Amino acid sequence: MSPDHPPGLDLDRLRGLLDRERPGLVRGPLTGRLIEGGRSNLTYALSDGVSKWVVRRPPLGHVLATAHDMRREHRVISALHPTSVPVPRPVLLCEDEDVLGAPFYVMEFVEGTPYRTADQLAPLGEERTRNAVLSLVDTLVELHAVDPAGVGLGDFGRPEGFLDRQLRRWGKQLDASRNRDLPGIDELHATLGRRLPASPAPTVVHGDYRLDNVLIGTVDGADRIKAILDWEMSTLGDPLTDLGLLVMYSTPLGMPESPVSTTAQAPGHPSPAELIERYAARSGRDVGAVDWYTAFAWFKLAVILEGIHYRYTLGQTVGRGFDRIGDLVPVFIRHGLTTLHEGLQEG
């Protein structure tokens, strides 16, 4: 297919659907392109030459519908769009697989930049980088302040026993990809289980909250978060899991040329301790157990990376950087253990 007709996006069928369901929305011939960088679901930019939208659908050849739940993503952004939480405006959900071969949804296109690496942040300068990362915390506080029942998300998840289920889930994921000795990972998993904290009141949890899952743009001369993206892991649960993940991604890995990068080395980037303090002050939540949540984030990412490494050893993963993923796993395990044993409150 041509770049304007990428695989997985039948523009003729999509145009027919939009004309039936949203008459007058599309005013010219449709073109589409795949937006690179997605890790799971496929994301396309769509245009009629006047307006732009985004289409989200599962990967080609998807098998497990629950792993790529378009209805879930569409539901959460539809619920949050009227609130102060910045999300794209939803346009349409289609569960008829005859249109694109899988369920999908359409939302507005939001102008902005997802910053994935310290090098990408560097041109902003220290002050803008600092403000952008701090706004990430402020927006997370806004998300966690939303009353789930008040926006129709009271049944969006099962918050009771959330942390225990999460720990067991990722333990099973680890067992499914074990093919080498990983010193420390069982100790990390067991220690997390022994120190399971009591969760605060449940909130909408994003599940993968970090700088490259938001779009930053300029509003009134200041850098602002224009939209939070990638809601596929969202649920009702413990809000501090989002904070722990954000803190993890704001911690230097100490591995130059790592295939998995954090933005922590960018000049002006706030320290993990500063992010924790700001979240605590603005949310009013007790963050005394934040070390546990951050260590859990290190464990979860270690398991994810080990799964990628395992598939690489089986020849099931192609592309640049996958040959070095395996070297990262012990680094994540070490950070997790250090966080549990030494803490990170002092920054």
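Aspartate 10 is partly exposed, with 33% relative accessible area. Its side chain meets that of arginine 13 in a salt bridge, with 3.9 Å from N to O. The model described here is a predicted one.

## Salt bridges

The count of salt bridges in the model comes to 18. Three of them are set out below, including the bridge of aspartate 10.

| Acidic residue | Basic residue | N to O distance |
|---|---|---|
| Aspartate 10 | Arginine 13 | 3.9 Å |
| Aspartate 223 | Arginine 128 | 2.6 Å |
| Aspartate 164 | Arginine 168 | 3.0 Å |

Arginine 128 and aspartate 223 form a salt bridge in which the closest N and O atoms are 2.6 Å apart. This pair links distant parts of the chain: arginine 128 belongs to helix H5 (residues 126–145) and aspartate 223 to strand E8 (residues 222–228), 95 residues apart. Arginine 128 has a relative accessible area of 37% and is partly exposed. Aspartate 223 has a relative accessibility of 15%; it counts as buried because this value is under 20%.

The bridge between aspartate 164 and arginine 168 lies within one helix. The two residues are 4 apart in helix H6 (residues 162–176), which means that about one helical turn separates them. In an α-helix there are 3.6 residues a turn, so residues three or four places apart point the same way. Aspartate 164 is partly exposed at 34% relative accessibility, and arginine 168 is partly exposed as well, at 43%. Elsewhere, Arg56, Glu73, Asp230 and Glu232 are joined into one network by salt bridges that share partners.

One further charged side chain sits by a ring: arginine 72 lies over the face of phenylalanine 156, at 4.0 Å from the ring centre.

## The hairpin of E7 and E8

Strand E8, which holds aspartate 223, pairs with strand E7 (residues 214–219) in the antiparallel sense over 6 bridges. One of the partnerships joins leucine 215 to alanine 227 in E8. The two strands form a hairpin with 2 residues between them. In the turn, aspartate 220 has a positive phi of about 55°.

## Helix H8

How many of the 10 residues of helix H8 (residues 240–249) are buried? The count is 10 of the 10, so the helix is largely enclosed by the rest of the structure. Among these buried residues are Leu240, Asp242, Gly244, Met248 and Tyr249. They pack against several other elements: H5, H6, strand E6 (203–205), helix H9 (272–283), H10 and helix H11 (325–342). H5 and H6 have been met above as the helices of arginine 128 and of the pair aspartate 164 and arginine 168.

## Helix H10

Helix H10 (residues 290–313) has 24 residues, which should span 34 Å at 1.5 Å a residue. Its end C-alpha atoms are 35 Å apart, in agreement with that value. Of the 24 residues, 19 are buried, so H10 is largely enclosed by the rest of the structure. The helix is followed by glycine 315, which has a positive phi near 75°.

The model has 3 aromatic pairs. In one of them, the rings of tryptophan 292 and tyrosine 293 have centres 5.3 Å apart and planes at 80°; the pair is edge-to-face because this angle is over 60 degrees. Tryptophan 292 is buried, with a relative accessible area of 4%, and tyrosine 293 is buried at 1%.

Tryptophan 292 also forms a stacked pair with phenylalanine 296, at 5.5 Å centre to centre and 10° between the planes. These two residues are 4 apart in helix H10, which means a separation of about one helical turn. Both tryptophan 292 and phenylalanine 296 are buried. Through the ring pairs, Trp292, Tyr293 and Phe296 are linked into a cluster.

Alanine 302 is also found in H10. Is alanine 302 buried or exposed? Its relative accessibility is 0%, so alanine 302 counts as buried. Leaving aside neighbours within four places in sequence, alanine 302 is in contact with Ile185, Val329, Phe332 and Ile333. Alanine 302 and histidine 335 are 33 residues apart in sequence, while their C-alpha atoms are 9.9 Å apart in space.

Terms used:
Residues numbered from 1 in each chain as written. Predicted model: local features only at pLDDT ≥ 70, side-chain atom pairs only at ≥ 80, totals over all residues. Heavy atoms only, no water. Salt bridge = Lys/Arg side-chain N within 4 Å of Asp/Glu carboxyl O. Buried < 20%, exposed > 50% of the residue type's maximum accessible area, 1.4 Å probe, protein only. Expected span 1.5 Å × (residues − 1). Pairing = 2+ DSSP bridges. Contact = heavy atoms within 4.5 Å. Phe/Tyr/Trp six-rings, centres within 6.5 Å; stacked < 30°, edge-to-face > 60°. Lys NZ or Arg CZ within 6 Å of the ring centre and 35° of its normal.
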